[in-house]
Amino acid sequence: MTAKEVLAMARENNVQMVDLKFIDLPGTWQHFTVPIEQFGEEVFTSGVGFDGSSIRGFKTINESDMILIPDPGTAFIDPFCEIPTLSLICNVYDPVTDKNYNRDPRFIAQKAESYLKETGIADTSYWGPEAEFFILDHVRFDQSQYAGYYFLDSVEGFWNSGTEMNGHPNLGYRPRYKEGYFPVPPTDTLQNLRTEMVLLLKEMGIAVEAHHHEVATAGQGEIDMKYAPLTRMADQLMMFKYVVKNVAIKHNKTATFMPKPVFQDNGSGMHVHQSLWKEGQPLFFDASGYAGLSELALYYIGGLLKHAPALAAFCSPTTNSFKRLVPGFEAPVNLVYSQRNRSAAIRIPMYSNSPNSKRIEYRPPDPSCNPYLAFAALLMAGIDGIKNKIHPGDPLDKDIYDLPPEEAARISSLPGSLEEAIAALQKDHEFLLQGGVFDEDLINSWIEYKTKREISQIKLRPHPYEFVLYYDI
């Protein structure tokens with residue numbers, strides 16, 4: 001879509017406001033809104049100014065002026081605004097250099113796509129994330145000098161099976177722990193809510209393949225989008241999270257993409273399907289290869305497995321992520337690959353024999369990530385594997401959780417904490433710098449942000465369970 005077509009779309013829909021959305025460094029959408037009469041075709045080249053010092057991970061106060069330039073190809077009519085509003089996703093520019101801002105995550109995703117073409121390996125990468133989430137009915141949390149707690153609730157939570165429901169009957173249909181996969185209504189109470197989300201996504205131009213309840217109790221769900229190129233899919237994932245959260249709020253519920261909100265049940269992952277194409281042909285398929293994979297695909301896998309500890313800093317980027325990445329909850333902490341095996345970090349789906357469907361599924365990420373950075377980092381690891389012919393070794397088609405101890409000890413695993421993942425990124429990030437896709441400033445800013453704002457802050461605070469363990473010492 002061109003700038004002229006976007007403005008024509010605005011006229012056709014009686015748009016009165018234009019909402020400019022962009023992503024901060026940790027991965028949350030930010031926005032501001034301008035009246036349509038202030039928004040002409042020149043904005044697509046000259047942009048609109050804003051204060052970058054107030055955005056997490058961006059500029060200091062003495063370098064605060066920044067510019068947003070909207071991408072006309074991202075235009076959609078915002079379904080949650082009462083007044084007709086056009087939404088556009090923007091890139092961030094530095095007004096002094098008149099160039100893309102190096103810490104703009106969307107720019108990094110675009111550079112990764114350009115670098116792929118420059119290598120000559122492929123011209124397109126396709127991405128299909130499966131972002132899981134919880135839809136809850138109530139959440140409270142606080143942290144002060146004298147208290148720290150969280151409390152969440154869901155009418156679907158199995159813990160409510162014996163609860164008096166404030167004068168209403170308790171009707172009893174709830175997914176048992178770890179048994180929430182695919183129950184029909186009335187056990188699945190969120191069918192209509194997820195369908196509403198899907199219909200809005202379709203209106204916004206996002207193709208959806210399926211939706212369903214997920215494994216955990218308490219309203220865990222998944223909506224699967226059809227694959228798309230890297231930057232476009234990162235855009236769509238942000239639109240997807242926007243829709244899920246706002247539809248939930250509309251129905252007086254709350255949605256979270258936090259990886260592990262519920263203790264002793266499955267967390268929310270984001271398995272990321274990936275494939276490379278060149279001149280319209282899939283590059284990951286070879287009928288004679290293991291699981292139908294080409295040698296190039298195996299090298300791509302080798303790159304992912306080699307750099308997996310460093311990738312965790314972008315793909316599982318919260319302290320809470322590592323509450324999910326533990327054995328026993330379908331969490332893929334073991335750095336091996338396999339066909340069909342969901343206990344491996346990399347799975348090769350076997351649903352179809354079509355060359356066009358051949359892809360690999362990287363299972364460690366979760367939806368707390370910044371998708372522009374996570375997808376770009378994954379692509380860079382895969383490219384590194386191809387360029388350096390990093391073979392992943394033999395596949396492992398056994399249930400990893402049932403391996404004998406001596407065999408399990410030979411398998412490498414993901415870091416056990418965000419602190420370990422950040423340390424791995426510090427040691428291993430040269431592959432990200434290739435082609436100028438990431439730079440040292442961005443990586444150092446990420447490490448500093450995660451260390452000071454998250455890791456250190458969690459370390460400082462007493463944990464509620466410490467009172468269970470230690471109060472009577």
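Helices (H or I, at least four residues) and strands (E, at least two) are DSSP runs, numbered from the N terminus. The model is predicted: local features need pLDDT of at least 70, side-chain atom pairs count only at pLDDT 80 or more, and totals for chains, interfaces and linings use all residues. Residues are numbered from 1 along each chain as its sequence is written, and side-chain values use heavy atoms, with hydrogens and water left out.

**Exercise 1. Place Gly267 and list its contacts.**

Step 1. Find the element. Gly267 sits in the loop between β14 and β15.

Step 2. Check burial. Buried means under 20% relative accessible area, exposed over 50%, partly exposed in between (1.4 Å probe, protein chains only). Gly267 has 11% relative accessibility, so it counts as buried.

Step 3. List the contacts (heavy atoms within 4.5 Å). Leaving aside neighbours within four places in sequence, Gly267 contacts Glu132, Gln220, Pro259, Lys260 and Arg324.

**Exercise 2. Do the same for Asn266, then find its side-chain partner.**

Step 1. Asn266 is in the loop between β14 (254–256) and β15 (270–278).

Step 2. Asn266 is buried because its relative accessibility is 4%.

Step 3. Look for a polar contact. This is a pair of N or O atoms within 3.5 Å; within protein, one must be able to donate a hydrogen and the other to accept it, and residues adjacent in sequence count only if both atoms are side-chain atoms. The Asn266 side chain makes one with the side chain of Lys178, at 2.8 Å.

**Exercise 3. Describe the surroundings of Lys450.**

Step 1. Lys450 belongs to helix α12 (residues 440–460).

Step 2. Its relative accessibility is 3%, so Lys450 counts as buried.

Step 3. The Lys450 side chain reaches the backbone oxygen of Pro317 at 2.7 Å.

Step 4. Not counting residues up to four places away in sequence, Lys450 touches Pro317, Leu418, Ile422 and Ile455.

**Exercise 4. Judge the overall fold.**

Step 1. Count the elements. The protein has 13 helices and 19 strands.

Step 2. Compare sizes. The radius of gyration is taken over C-alpha atoms; the globule rule is 2.2 Å times the number of residues to the power 0.38. The radius of gyration is 23 Å, close to the 23 Å that the rule gives for 473 residues, so the protein is as compact as a globular protein of that length.

Step 3. Add the spans. The C-alpha trace covers about 65 × 60 × 50 Å along its principal axes.

Step 4. Check the interior. Buried residues make up 53% of the 473 residues.
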